[in-house]
Amino acid sequence: MHKTYLPPGLPSPIPEPDGLSAPYWNGLRQERLLVQRCKACCTWQFGPEWLCHACLQFDPDWVEVAPQGTIFSWERVWHPSHPALQGHGPYLVVLVELAQAGQVRMVGNLLGDPMQAVRVGAPVQGVYEHHPDASPAYSLLQWTLT
Amino acid sequence: MGASARSLRGQVAIVGIGETTYYKHGKSPDSEFKLALQAILRACEDAGVDPRDIDGFSGFSDERSDAVRLSTALGSRRLRTSLMQWGGGGGGCCAAVANGAAAIATGMADCVVAFRSLAQGQFGRFGQAGQVPAISGERAYLMPYGVLAPPQRFAMRVQRFMHEHGVHQEALRAIAMASYAHAQNNPRALMHGKPLTEEAYDASRWIAEPLHLFDCCMENDGAAAVVMVSAERARDLRQPGVYLLGAASGSGYRFGAMPHNSPRYASANFETLAQDLYAMAQIGPADVDNVQSYENFTGGVAMALAEHGFFHPEQANEFLTLENLTAPHGGLPLNTSGGNLAECYVHGFELILEAVRQVRGQSVNQTRRHEVSLVIGGPMVAPASDLLLGSANLL
C-alpha cells in the first residue's frame, strides 16, 4: 500500500524554466504554503505571475499563509485518464478557497473515504504529502475535513 | 470610421460546406491530411467554387493540416492569408470562421476555407493525458492530483454551477438526450440507430461526478470545412449564401486565471462574448431559431445557453427539457445534427455545418423557423467563440 492518496506514477510538478512558481513548490517541500501578495497594494494572487494584476507592480512578495480553507467545488473522478490510475477506483478532488489569502483557490485531493459525502462550504485543513521517491521529488498540499 | 462600419454583419457568406465520413477515433482509413483535403474539396463542390481559387485557410486548436501544405496540394493559384485562432482548443471553432471572414471583409483574401481535420488514432487524444515524467505551469497544479483530462478539468465548474443555481442532473440529461434524439434522423451521425433513454443515461457510469458518460463528447476521426466569400460574390453561386450576422471571441475578466481561479468560476465564459455577438448582429436571443452548442460536456452547454440569454440559471430545470430542445416543435432546438455527443466530435466544426444547413433549410431535423442559427464554441475555455448565421432575409 502506497503512502500517498493517489498511486505513484503521475507527473511530478516542477517550476517553469523561468522559475516563476519555484517558491511555491519549494515551500511545499518545507511544509510551508506560500502565496503571492503584492508588496504595493496587498492583492493576493494565485497562480503566480510576474506582475500584480491589480496595480501592475512587478514581482509580488511570497507570503506564508495557514493551509486552511473551505470547499468551493469538488468532483469524484471515476474514469482513469492515466495508466497510473488504472484499477485504482474513484478519488475525490476538491477546489479549496483560502479566505485568509484573498479567496484564491487551490486544487487538491480530499483525504479519506473516496465515497464520503462532500459539501460545498465545508471547512478543510491542509496536509502536506511528500513524494521523496519521485523523480524529481516533490510535495503536494492535500486537504482533510476539520 | 464609425462603429457600424467596423462590423462583419452581412459582409461575408458561407457558400459551401463539406465533411468526410465520420469515424470512431482511430478508425479513419485515411490520413488526417487526406481527410482535410476531402472535406475541403466537398465544400468547394457544394459551393461551385474552383479549389484553386481558395486563397486563405483558417484553423483553430493547433490544427495540424497546415495552410501552406493545403494550398500546395490543392494547386491554389496563390495564398493570401493563413490564420490560426490562438489558444482555447475547441473554443476556437467559431473564431476560425470569423477570422477567415474578417480577412475577406478587409480585402486580405477573397475565398477562405475554415476547417478542422482529425485522425486521433494517428495523433493524441484529448481524453488521455500525455505520459510525461514532469510537468510545469497550469498542469503542475492539477495533474499530480489526478486532474488530467478535460472531464476532470471541467467537472468542478459544472458542480459549482449546479450548486449555485440548484440545477438538477435531469437538466444535463435533457441536453444529452436532445443530441441523441436528433442523431437518430441523421445518417452521418455515429450514434444513428443508437437512441439514448433516460434509464440508459441514469445507469451510465460516472466519468467525473457530476458528469456521466453521456455528458461527455465522443472522440472521433473526420474533417469538416466551409468555404467563404464576400456577400457580393455569394449572390452568383450555387447555394443560397448563409451570412455572418455576428461573431465574437475572447474571454471575460481573468477567466483564464489558473489553476481554477477565474473570478466568475461557474461560467462558460460567454458573458462578455454574447453581448458583443448580439450587438454586432443587431438581434437578440428571441430572434434565434436554433442553437448548435459545443458539448465538451453537457453542463457547459447549460451555462453557455444561460449566458446567451435564453434563460436565467435558476430556470435551467424548467427550460432544459428534451421536449423544449428537440426539433421541430421545441422552443429552442439544440444540436440538431447530434453534435459532439452523437454526430461526430470534429471539435465543434460539424456544428457550424449544421447551422448552415438549418439556415438553408437542408437539415434532417429542420426547425420550423430557420432564419437565424447560433453556434457556440467550446464552453468553459479561454478564449471561447460564438457565431450568428442568418439568411439573406436578415440583411
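Which residue of β7(B) is the bridge partner of Val77(A)? That partner is Ala208(B). The two elements involved, strand β5 (residues 68-77) of chain A and β7(B), run antiparallel and pair over two bridges (pairing requires that DSSP find at least two bridges between strands; strands are DSSP runs of E with at least two residues, helices runs of H or I with at least four, both numbered from the N terminus).

The model is predicted, so to speak of local features takes pLDDT of at least 70 and side-chain atom pairs count only at pLDDT 80 or more, whereas totals for chains, interfaces and linings use all residues. Residues are numbered from 1 along each chain as written, chains are lettered from A in the order written, and side-chain values use heavy atoms, leaving out hydrogens and water.

As for the wider interface, 42 residues of chain B and 44 residues of chain A make the contact (heavy atoms within 4.5 Å). Together the chains bury about 3600 Å², with 55% of that on carbon and sulfur atoms (accessible area, 1.4 Å probe, lost on being put together and summed over both parts). On the chain B side, Tyr141(B), Tyr145(B) and Met156(B) lose the most area to chain A, together 21% of what that side buries.

One salt bridge turns up across the interface (a Lys or Arg side-chain nitrogen within 4 Å of an Asp or Glu carboxyl oxygen). Arg76(A) and Glu209(B) form it, at 2.9 Å from N to O. Helix α4(B) gives the largest share of the chain B side touching chain A, seven residues.

Conventions
Buried area is the accessible area (1.4 Å probe) that two parts lose on being put together, summed over both.
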